[in-house]
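Work through the exercises below with the sequence and the coordinates side by side. Each task is followed by a solution that proceeds step by step.

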Amino acid sequence: MRRWLLVTLVLLATTTMRPDAQPGSPVVLDQSAIRVQSNGNELIARREAPVTYSTLEQIATSITATVATREVPVRIVRASPPQEIDYLFCVTSGGTLVLGERVHTREAGAPRYVFTRGAIVRSYPSFNVPEGWLWLVDVPLSREATVTLQLRAHAQWPVASVSVTTAGIP
């Protein structure tokens with residue numbers, strides 16, 4: 001596992017797309033989002049991502065609702081099967097990051113994505129760093145690629161947002 005993580009980090013560090021970089025590179029940087037592409041799939045992570053929930057009860061109730069979420073911190077758009085996977089954040093008073101997942105699927109020929117399922121998928125205790133809290137979150141982009149996101153927040157609860165970066169990408 002560590003070996004694959006290291007390979008992914010090296011790949012990301014060596015393929016960072018600058019404004020003058022060639023099209024088709026897997027990582028695209030802009031001011032508001034990080035975009036990583038692999039095998040027709042795309043990860044879109046907001047650099048300043050909202051933390052919508054501060055309790056397990058809030059995220060557990062909301063994650064299974066069929067109503068679309070307005071502010072999505074991280075989204076995976078899959079080519080096959082056509083899916084949008086939204087990841088939502090909850091930070092508890094103890095500094096644990098809870099990751100919720102909402103999956104929307106589009107049937108062949110259908111114009112829209114339809115809510116398929118929602119669940120809490122993982123939780124991460126924070127690393128205590130001088131600036132506050134730090135979490136390392138692995139997000140599977142494709143069978144060949146996993147993106148490790150670094151989320152940071154001041155250790156003040158409730159947390160309204162987290163700063164998102166990836167290894168090798170400022």
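The exercises that follow concern a predicted model, and they go from the whole chain to a sheet, a hairpin, the salt bridges and one loop residue.

**Exercise 1. The chain as a whole**

Task: Establish how many helices and strands the protein chain has, and what share of its residues is buried.

Solution. Begin with the secondary structure, which comes to two helices and 13 strands. Next, take burial: of the 170 residues in the chain, 42% are buried, where the cut-off for a buried residue is a relative accessible area under 20%. Then turn to the surface, whose accessible area is about 9600 Å², with 56% of that area belonging to carbon and sulfur atoms. Finally, consider the contacts between residues with a separation of 6 or more, of which 47% join residues 24 or more positions apart.

**Exercise 2. An open sheet**

Task: Determine the order of the strands in the open sheet of five strands, and find which strands lie at its edges.

Solution. Reading across the sheet gives the order S5-S13-S12-S11-S10, with antiparallel pairing. The edge positions are held by strand S5 (48-50) and strand S10 (127-129), each of which pairs on one side only. From one strand to the next, the twist averages 35°.

Now go through the pairings from the S5 side. S5 and S13 are antiparallel and joined by three bridges, and in this part of the sheet Glu 48 stands opposite Ser 163 of S13. S13 is in turn joined to S12 by four bridges, again in the antiparallel sense, with Leu 149 having Thr 166 in S13 as its bridge partner. S12 and strand S11 (residues 132-140) run antiparallel and are joined by eight bridges; here Val 139 has Val 147 in S12 as its bridge partner.

Task: Decide which side chains of S13 are buried.

Solution. Follow the alternation along the strand: Val 162, Val 164 and Thr 166 point to one face and are buried. Ser 161, Ser 163 and Thr 165 point to the other face and are not buried. Two of these residues have already appeared in the pairings, since Ser 163 stands opposite Glu 48 and Thr 166 is the bridge partner of Leu 149.

**Exercise 3. A hairpin and its salt bridge**

Task: Describe how S3 and S4 pair, and locate the residue with a positive phi in their hairpin.

Solution. Strand S3 (residues 33-38) and strand S4 (residues 41-46) pair in the antiparallel sense, over six bridges. Between the strands the hairpin has two residues, and Asn 39 takes a positive phi near 50°. Within the ladder, Arg 35 has Ile 44 in S4 as its bridge partner. The side chain of Arg 35 also forms a salt bridge with Glu 42, in which the closest N and O atoms are 3.4 Å apart. As for exposure, Glu 42 counts as buried because its relative accessibility is 18%, whereas Arg 35, at 29%, counts as partly exposed.

**Exercise 4. Further salt bridges**

Task: Of the four salt bridges found in the whole structure, examine the one between Glu 71 and Arg 46 and the one between Asp 86 and Arg 75.

Solution. In the salt bridge of Glu 71 with Arg 46, the closest N and O atoms are 3.6 Å apart. This pair links distant parts of the chain, as Glu 71 is in the loop between helix H2 (56-63) and strand S6 (74-78), while Arg 46 is in strand S4, 25 residues apart. Glu 71 is partly exposed at 39% relative accessibility, and Arg 46 is partly exposed at 30%.

In the salt bridge of Asp 86 with Arg 75, the closest N and O atoms are 2.6 Å apart. Asp 86 lies in strand S7 (residues 83-91) and Arg 75 in strand S6, so the pair ties together parts that are 11 residues apart in sequence. Asp 86 is buried, with a relative accessible area of 2%, whereas Arg 75 is partly exposed at 26%.

**Exercise 5. A loop residue**

Task: Is Ala 160 buried or exposed, and with which residues is Ala 160 in contact beyond its neighbours within four places in sequence?

Solution. First place Ala 160 in the loop between strand S12 (146-153) and strand S13 (161-166). Its relative accessible area is 59%, and because exposed means over 50%, Ala 160 counts as exposed. With the neighbours within four places in sequence left aside, its contacts are Ala 49, Pro 50 and Val 51. Lastly, the C-alpha atoms of Ala 160 and Cys 90 are separated by 9.6 Å, although these residues are 70 residues apart along the chain.

How values were computed. Residues numbered from 1 in each chain as written. Predicted model: local features only at pLDDT ≥ 70, side-chain atom pairs only at ≥ 80, totals over all residues. Heavy atoms only, no water. Buried < 20%, exposed > 50% of the residue type's maximum accessible area, 1.4 Å probe, protein only. Contact = heavy atoms within 4.5 Å. Pairing = 2+ DSSP bridges. Axes fitted to C-alpha atoms, helices over the stretch in contact; angles between N-to-C directions. Areas by Shrake-Rupley, 256 points an atom, 1.4 Å probe, with all protein chains shown as cover.
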